[in-house]
Amino acid sequence: MMHIDPYEKKFMVIGVVVLVIFAISITVAGFMLGIQVPSPSQLIDPNTVSSQGPFSDPGLKELSPGNYELYIRAEASPWRFYPDEVTVPIGSTVTFQVTSADVQHGFKLQDTNINFMVLPGQVSTLTYTFDEPGEYPYICTEYCGVGHQNMYGVITVK
Ligand code: CUA
């Protein structure tokens, strides 16, 4: 039988134990707690998002009292989000629908779990309930060209 140094054996055991813990954690998070990586909710033609469909007239749409969809279109040249100022009533549940008209952008809403990539041809979706009043800035988190630093906006909750 091959000789294995006791220290090496210990580290092999630790390595296997850590792998098992990871596998259990992923299984519990994904299948029992339902924690999922944000995935594209639908495909869309980036060539027409500016001229037709809900992203050609982006902004807040009320589905039912206190329940909203927020359509945001990210664009390079000029680098900005449409819209870049949104006001929602306190207690609102907002489903973000974000897409790009050109290159890869990012979208992060400060102090929330809203954080995803924004890809041309896809719609990124996450939902958040605004229980606290205040200003929630959002920024582009993917370098998207010379005007990247100008891509920001704010959601005001009151
Ligand atoms: Cu858009 Cu960086």
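A residue is counted as buried when its relative accessible area is under 20%. By this criterion, 8 of the 9 residues of strand β3 (residues 67-75) are buried in the predicted model, so the strand is largely enclosed by the rest of the structure. Across the chain of 158 residues, 32% count as buried.

Strand β3 pairs with three neighbours, described here in turn. With strand β2 (residues 59-64), β3 pairs in the antiparallel sense, over 5 bridges. Within this pairing, Lys 61 is placed opposite Glu 69 of β3. The two strands form a hairpin in which 2 residues lie between them, and Gly 66 in the turn adopts a positive phi of about 80°. With strand β4 (residues 80-82), β3 again runs antiparallel, and 3 bridges join the two. Ala 74 has Phe 81 of β4 as its bridge partner. The hairpin of β3 and β4 has 4 residues between the strands, and Ser 77 in this hairpin has a positive phi near 60°. The pairing of β3 with strand β6 (residues 93-100) is parallel and extends over 8 bridges. Here Tyr 68 stands opposite Val 94 of β6. In a regular strand, side chains alternate between the two faces of the sheet.

The chain contains 1 helix and 11 strands, and the helix precedes the strands in sequence, giving the pattern α-β-β-β-β-β-β-β-β-β-β-β. The radius of gyration is 21 Å, well over the 15 Å given by the globule rule for 158 residues, so the chain is more spread out than a compact globule. Taken along the principal axes, the C-alpha atoms fill a box of roughly 70 × 35 × 25 Å.

Helix α1 comprises residues 6-32. At 1.5 Å a residue, its 27 residues should span 39 Å, and the 38 Å separation of its end C-alpha atoms agrees with this value. At the start of α1, a side-chain oxygen of Asp 5 comes to within 2.9 Å of the backbone nitrogen of Tyr 7. After the helix, Gly 34 has a positive phi, near 75°.

Contacts and surface were also evaluated for the chain. Among contacts with a separation of 6 or more, 61% are between residues 24 or more positions apart. The accessible surface of the chain amounts to about 9,700 Å², and carbon and sulfur atoms contribute 60% of this area.

Definitions and conventions. Residues numbered from 1 in each chain as written. Heavy atoms only, no water. Buried < 20%, exposed > 50% of the residue type's maximum accessible area, 1.4 Å probe, protein only. Pairing = 2+ DSSP bridges. Expected span 1.5 Å × (residues − 1). Polar contact = N/O pair within 3.5 Å; in protein donor to acceptor, adjacent residues only side chain to side chain. Rg over C-alpha atoms; globule rule 2.2 N^0.38 Å. Contact = heavy atoms within 4.5 Å. Areas by Shrake-Rupley, 256 points an atom, 1.4 Å probe, with all protein chains shown as cover.
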